[in-house]
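Dear colleague,

I am passing on the structure we spoke about, with some notes on its packing and its charged pairs. Please look through the sequence and the model first, and then read on.

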Amino acid sequence: MNERKLKFGLPKGSLQDAAIAKLAKAGWNIQVSSRSYVPYVDDDELVIRLIRAQEISRYVEHGYLDCGITGHDWVQENGSDVHEVGEFLFSKATRQPARWVLAVPEASSFRTVHDLEGKIIATELVATTKRYLAAHGVTAKVEFSWGATEVKPPVLADAIVEVTETGSSLRANKLKIIDTVIESNTQLIVNTSSWKDAEKRHKLEDLRMLLDGAIAALGKVGLMLNVHKDCLKAVLQVLPALKRPTISHLSDEEWLAVNTILDESTVRDIIPRLKQAGGQGIVEYPLNKIVM
């Protein structure tokens, strides 16, 4: 393999589809085969590897990968010495950070972490949980959980530390949250030596910029319309803009073209008002990237 190629780790599992979708909007077409952990990418300067998010930071630290997308939680859990290039909010369910929370049975008497002295806590995030307990001066047994962690209390564990975005799975299993252990966003991380390599760093900075643009475009659409100059003031009063709308003259000097960016959720209310204010030829179009 050409050592000048950037070895890029993508998270296999729950973040895989979201990461590939955002990279597609950023400009990279990635195609995954069910029989290979090396997806196709339409960029001769990249080699993609599919690896579990829990392991990516270790492989980046040790140089098997130049960079990768993984959660801040796993960087902390592994204690990996990597350079964190960018933070991206594209979780599965929301655009909020994921939280690893300390949860206990709703019917239990546990109210704070201090109530778990001498108890059993099940989690996949063992090292981070141990550090959290030590910071609170609590001694408890932390057991690694291979999955289905929510069903373990109260028989197999007294409490759990589990990741949540909405809390719905915890509530469904009659668990209540008593504290947040760590918040985590998805990050682009880089091997420290690769970051010092001028050629690789240039590629990584381009990739970060375009990913930032793809994330910024989430939930946004473009809107363009024509308006007679006498109606321009009324139209502008309707439009909330990312900055200021772009206004340009048409071949007929009495008419202007207005182009702006809006939250997609507001468009259904704004388009009728624009029409009433004198807008014509109104076109809504999707956005892949917004690069500031």
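How many salt bridges does the structure hold? There are 10 salt bridges in it, and please keep in mind that this is a predicted model. As general background, side chains of opposite charge can pair when their charged atoms come close.

Let me begin with a pair inside one helix. The side chains of R58 and E55 form a salt bridge, with 3.6 Å from N to O. Because R58 and E55 are three residues apart in helix 2 (residues 53–61), about one helical turn separates them. R58 has a relative accessible area of 32%, and so it counts as partly exposed, while E55 is also partly exposed, at 23% relative accessibility.

Another pair joins parts of the chain that are further along in the sequence. The side chains of E254 and K229 meet in a salt bridge at 3.2 Å, N to O. E254 lies in the loop between strand 14 (246–249) and strand 15 (255–263), and K229 lies in the loop between strand 13 (220–228) and helix 8 (232–238), so this pair ties together parts that are 25 residues apart in sequence. Of the two partners, E254 is partly exposed at 32% relative accessibility, and K229 is partly exposed with a relative accessible area of 44%.

Two further items belong with the charged groups. The side chains of E143 and K141 meet in a salt bridge at 3.4 Å, N to O, and E143 is partly exposed, with a relative accessible area of 28%. In addition, K7, D66 and K200 are linked in a network of salt bridges.

Turning to the nonpolar interior, the largest nonpolar core has 25 residues, of which F8, L10, L23 and L188 touch the most other members. Several elements each supply at least two residues of this core, among them strand 1 (6–12), helix 1 (16–26), strand 12 (186–190) and helix 7 (198–216). Helix 7 gives the most to this core, with five residues.

L188 is a useful residue to display when you open the model. Leaving aside its neighbours within four places in sequence, L188 is in contact with residues that include F8, C67, I69, V85, F88 and L207, and also the charged residues E84 and R208. Finally, a second, separate core of 20 residues includes F110, L125, A159 and V181.

With best wishes

Definitions and conventions:
Residues are numbered from 1 along each chain as its sequence is written. This is a predicted model: local features need pLDDT of at least 70, side-chain atom pairs count only at pLDDT 80 or more; totals for chains, interfaces and linings use all residues. Side-chain values use heavy atoms; hydrogens and water are left out. A nonpolar core is a set of buried Ala, Val, Leu, Ile, Met, Phe, Trp, Tyr and Cys residues joined through side-chain atoms within 4.5 Å. Buried means under 20% relative accessible area, exposed over 50%, partly exposed in between (1.4 Å probe, protein chains only). Helices (H or I, at least four residues) and strands (E, at least two) are DSSP runs, numbered from the N terminus. Contact means heavy atoms within 4.5 Å. A salt bridge is a side-chain nitrogen of Lys or Arg within 4 Å of a carboxyl oxygen of Asp or Glu.
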